[in-house]
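Subject: Structure handover

Hello,

Here is the structure I promised to pass on. Please open it next to this message; my notes follow below.

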Amino acid sequence: MVSPVNKLIQHFSKALMESIRDLAPIVVVIACFQLLVFRQPIPDLGGLLFGTLQVVIGLTLFIQGLKMGLFPIGESMAHDFASKGSVLWLVLFAFALGFGTTIAEPALIAISDEAARVAATGGMIKESVEEMQAYSDGLRFTVAISVGLAIVIGVIRIIKGWPIQYLIMGGYAGVVIMTGFAPPEIIGIAYDSGGVTTSTITVPLVTALGVGLASSIRGRNPMTDGFGLIAFASLTPMIFVMAYGMLL
Amino acid sequence: MMAWLMDFLDTLLATITDVLPIAAILFGFQLFVLRKNIRNLRQVLTGFVLVLLGLAFFLEGLEQALFPLGKLMAEQLTAPEFLGISGTAGDFESHWTNYLWVYLFAFAIGLSTTIAEPSLIAVAIKANQVSGGTVGTWGLRIAVAIGVAIGISLGAYRIVTGTPLHYYIITGYVVVLIQTVFCPKAIIALAYDSGGVTTSTVTVPLVAALGLGLSSTIPGRNPMLDGFGLIAFASLFPIMSVMGYAQLSERLARRAKTTQMRDKKCISN
């Protein structure tokens with residue numbers, strides 16, 4: 001007889017094995033470079049192994065939590081919004097989700113501080129602490145608003161069933177045009193800001209929201225219509241950050 | 001042990017502050033707008049706790065073990081002595097073979113960190129579910145990882161040669177547009193998504209260290225201007241590789257089908 005505890009242990013050890021497999025490549029790459037290229041012993045091997053163990057446990061717990069918490073709530077809320085039938089509330093929710101998850105994103109805080117430093121050295125703003133803080137906060141707000149708008153556009157696209165490629169092409173055209181006018185100092189930061197906005201918690205939630213919406217609305221296909229929200233969230237910040245650089 | 005516990009609690013606290021606004025939005029809308037009880041509330045809450053604990057362990061472990069070593073390597077690889085750049089700018093020859101190890105490292109780090117990226121795992125799980133198994137979790141993840149690896153190596157090459165970033169990005173856009181026309185319609189949205197998904201917790205810190213190291217070592221590069229842009233490469237190239245993967249598997253499936261039909265014809269004849 002298989003007891004529930006046994007089953008749980010079995011399940012957990014299987015998940016643990018998967019995490020080990022996911023992380024093995026990084027460990028191999030780092031070990032190979034250290035031993036073969038630099039020809040140096042690995043410093044603090046015990047610490048490295050202990051850290052790797054934590055990463056493995058963390059990844060296992062995260063994936064489990066994802067399946068139990070983030071995915072179900074994202075999909076059930078999408079379903080409830082669809083059956084409620086109020087587009088206004090859905091749009092508000094989409095904006096709040098995009099804005100709220102981005103404004104506190106540590107990677108974004110880091111990159112906007114960096115951008116403020118670039119702007120100060122480039123003479124775009126005065127080199128004082130207050131000016132740089134204001135510039136960095138402004139940039140952070142700009143990106144958060146642009147991600148909020150991106151999720152809104154993405155959700156409306158799912159409701160209307162517009163093909164994604166035309167919207168993305170329009171976005172690319174926007175990026176290219178803005179690149180021609182934006183100050184060169186801001187371009188690298190703007191391009192990078194598209195990549196940093198989507199965090200580890202936002203991605204599963206937003207994906208579940210999109211897929212849930214597309215499967216609740218009749219005539220939408222979760223595969224072709226459900227994905228794409230993240231794509232908008234990584235495109236609009238580029239345009240908005242370049243606009244921010246031009247206006248200031 | 002005590003020191004570890006304090007570190008861990010710090011990371012846990014930081015993770016909780018990150019998640020709090022998201023949880024507030026979710027539960028706020030659920031209670032006040034949708035006015036519905038959350039289905040399987042206990043399971044969902046357990047899931048949230050697991051996500052918090054998992055992320056805290058994950059980040060703490062990376063911070064303790066892999067990031068210091070990875071960043072140290074990026075610094076060593078881009079050190080002037082390693083690259084054979086002497087102090088005087090005059091005898092600097094930007095011969096690309098000097099940088100072979102840098103490109104190889106960029107490729108390997110891009111590939112391996114992407115495989116471990118939790119948000120990509122999440123999207124791969126969902127895509128596998130939604131497509132009814134047609135999109136394999138590993139197929140998607142490896143396709144994305146190859147895209148990131150190529151992107152970061154090319155990004156490193158750009159920093160070494162000093163060509164403007166937007167030439168590459170705009171060319172990349174054109175390739176993406178052409179591929180969009182020819183690739184199977186079902187994969188387009190997923191492919192576009194995979195660009196934004198790839199660069200998060202694991203990839204960004206290591207890649208940023210590489211970009212910063214390269215742009216501060218190579219004469220004539222300004223870390224402020226040239227250090228950026230690697231992330232942009234890492235989010236553009238997976239779009240191409242995922243569409244390429246879809247095109248390839250479609251072609252293979254079609255060829256398999258035609259050979260199958262030919263075989264059948266032979267048999268029936």
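Along its sequence, chain B runs α-α-α-α-α-α-α-α-α-α-α. That is 11 helices and zero strands. Please bear in mind that this is a predicted model.

Overall layout of chain B

The C-alpha atoms of chain B fill a box of roughly 70 × 70 × 35 Å along the principal axes. Chain B has 269 residues, and 49% of them count as buried. Take the contacts in chain B between residues at least 6 apart in sequence: 84% of these join residues at least 24 apart. The domain assignment splits chain B into domain 1 (1–64) and domain 2 (78–268). The C-alpha centres of domain 1 of chain B and domain 2 of chain B are 31 Å apart.

Helix α1 of chain B

Start with α1(B), which covers residues 2–33. Its 32 residues reach 45 Å from first C-alpha to last, close to the 46 Å expected at 1.5 Å a residue. Even so, α1(B) has a kink of about 35 degrees at V19(B). The proline P21(B) follows shortly after that kink.

Which residues of α1(B) are buried? They are T11(B), T15(B), I22(B), L26(B) and F29(B). These buried residues pack against elements of both chains. From chain A come α2 (45–84) and α3 (87–103). From chain B comes α2 (41–77).

Positive phi angles

Just after α1(B), R35(B) takes a positive phi of about 45 degrees. N40(B) also has a positive phi, about 50 degrees, and is not a glycine. N40(B) sits in the loop between α1 and α2 of chain B. Is N40(B) buried or partly exposed? N40(B) counts as partly exposed, because it has 15 C-beta neighbours inside 10 Å.

Chain A has a case to look at too. R39(A) is not a glycine, yet its phi is positive, near 50 degrees. R39(A) is found in the loop between α1 (4–37) and α2 of chain A. R39(A) has 7 other C-beta atoms within 10 Å, so it is exposed.

The contact between the chains

How many residues does each chain bring to the contact? Chain B gives 83 residues and chain A gives 79 residues. On the side of chain B that touches chain A, several helices supply at least two residues each. They are α1, α2, α4 (100–115), α5 (118–130), α7 (165–182), α8 (188–197), α10 (223–226) and α11 (230–268). The largest share of that side, 23 residues, comes from α2(B). By type, the residues of that side divide into 53 nonpolar, 23 polar and seven charged.

Record annotation for chain A

An unreviewed UniProt entry lists "transmembrane region" for several spans of chain A. These are residues 20–39, 45–66, 87–111, 138–159, 166–183, 195–214 and 226–247. I looked at two of these spans in the model. Residues 20–39 of chain A are 90% helix and 0% strand, with end C-alpha atoms 26 Å apart. Residues 195–214 of chain A are 75% helix and 0% strand, with end C-alpha atoms 25 Å apart.

Best wishes

Technical notes. Residues numbered from 1 in each chain as written. Chains lettered and ligands numbered in written order. Predicted model: local features only at pLDDT ≥ 70, side-chain atom pairs only at ≥ 80, totals over all residues. Helix = DSSP H or I, 4+ residues; strand = E, 2+ residues; numbered from the N terminus. Expected span 1.5 Å × (residues − 1). Bend = angle between axes of the 7 residues up to and from the residue. Buried ≥ 20, exposed ≤ 12 C-beta atoms within 10 Å, placed from the backbone. Contact = placed C-beta atoms within 7 Å. Domains from an automatic or database assignment. UniProt positions renumbered as here; feature names shortened; annotations may be inferred. Nonpolar A, V, L, I, M, F, W, Y, C, P; charged D, E, K, R; others polar.
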